Amino acid sequence: MSTSSKDYFDAIGPDWDKLRESFYSPRVRERALAVAAVEAGREAADLGAGTGFITEALLQREVRVIAVDQSAVMLEALRHKYPWPERVDTRVGEAERLPIADAAVDYAFANMYLHHVDDPAAAIGEMVRILKPGGRLVVTDLDAHDFEFLRREHHDRWMGFERQDVRRWFRAAGLTDVKVDCVGEQCCAVSERGLPAAISIFVASGTRPESSGRSPTDEQ
Ligand SMILES: C[S@@+](CC[C@H](N)C(=O)[O-])C[C@H]1O[C@@H](n2cnc3c(N)ncnc32)[C@H](O)[C@@H]1O
């Protein structure tokens, strides 16, 4: 029987930081935070937070974080590294039903999360739902690729994304000022058989309008 995505991340949780270092560098989160223009004293959601790659950079900038992940094991590792409940609130939850109230956060970040979820457009809609008016969504993920082993060996659900699709999903979710750009870094992996992969990473961003007069989910 094949494992679920949650089983996979529960199993690799303790090793994720080491694995992640071999895939991509902190430049990815520096770019994500720069695109969001984060300000100290605000509140952010880190979706698919894992062990806290994005969370760590937000804490360094004095941004309070709600870290959500399907895997309690990944979140346990995050809490172990950042044991400050008043600064980081960890919540087990699913992409389709984020355990965060409507219009609760100033920023939503999702690094290397979208290619694991079942329905990327619905996941984007959920991330927009939790943004305050004027809040920013920033997604960093893989461009479309054909390295099939990432599905078999790393439980990827999607083989990256076409930027035009990401742009369309952001706009359909009600975001304005939508931009999709290069991070300027590749995600590198080597298959069990020794096949190397290098995949470019995009950064997609958008702003929830100050007053749209309706819920962002109405447009889906
Ligand atoms: C590739 S890891 C990235 C972790 C972290 N963002 C980072 O950059 O190190 C993907 C994370 O998304 C979580 N995830 C995958 N699918 C999810 C879903 N449907 N709902 C919630 N979390 C999910 C996984 O458990 C995992 O921790």
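Select the side chain of Q70 together with the ligand in this predicted model, and you will find an oxygen atom of the ligand 3.1 Å from an N or O atom of that side chain. Keep the ligand displayed and add the backbone of G48, where a polar atom lies 2.7 Å from a nitrogen atom of the ligand; then add the backbone of A95, which likewise offers a polar atom, here 3.0 Å from a ligand nitrogen. With these contacts in view, switch on a surface: the ligand taken alone exposes 600 Å², and the protein buries 97% of that area.

Next, display the pocket around the ligand, since the place it occupies is the largest pocket. Colour α1 (5-12) and α2 (16-23), the elements that contribute two or more residues to the surrounding shell. Extend the selection to the whole shell of 20 residues, among which W16, Y24, G48, D69 and N111 come nearest to the ligand. Coloured by class, this shell separates into nine nonpolar, eight polar and three charged residues.

Now leave the ligand and move to strands β6 (residues 176-190) and β7 (residues 196-207), which run antiparallel and are joined by 10 bridges. Within this pair, select C182 and look across to β7, where F202 stands opposite. Finally, follow the chain through the turn of the hairpin, which places five residues between β6 and β7, and stop at G194, whose phi is positive, near 95°.

How values were computed:
Residues are numbered from 1 along each chain as its sequence is written. This is a predicted model: local features need pLDDT of at least 70, side-chain atom pairs count only at pLDDT 80 or more; totals for chains, interfaces and linings use all residues. Side-chain values use heavy atoms; hydrogens and water are left out. A residue is near a molecule or strand if one of its heavy atoms lies within 4 Å of it. A polar contact is a pair of N or O atoms within 3.5 Å; within protein, one must be able to donate a hydrogen and the other to accept it, and residues adjacent in sequence count only if both atoms are side-chain atoms. Accessible areas come from the Shrake-Rupley method with a 1.4 Å probe; for residues, only the protein chains shown count as cover. On a 1 Å grid over the protein atoms alone, a cavity is a set of points where a 1.4 Å probe fits but cannot get out, and a pocket is an open set with protein on both sides within 12 Å along at least five of seven lines; lining residues have an atom within 4 Å of a point. A molecule sits in a cavity or pocket if more than half of its atoms lie within 2 Å of its grid points. Helices (H or I, at least four residues) and strands (E, at least two) are DSSP runs, numbered from the N terminus. Ala, Val, Leu, Ile, Met, Phe, Trp, Tyr, Cys and Pro count as nonpolar, Asp, Glu, Lys and Arg as charged, and the others, Gly among them, as polar. Two strands pair if DSSP finds at least two bridges between them.
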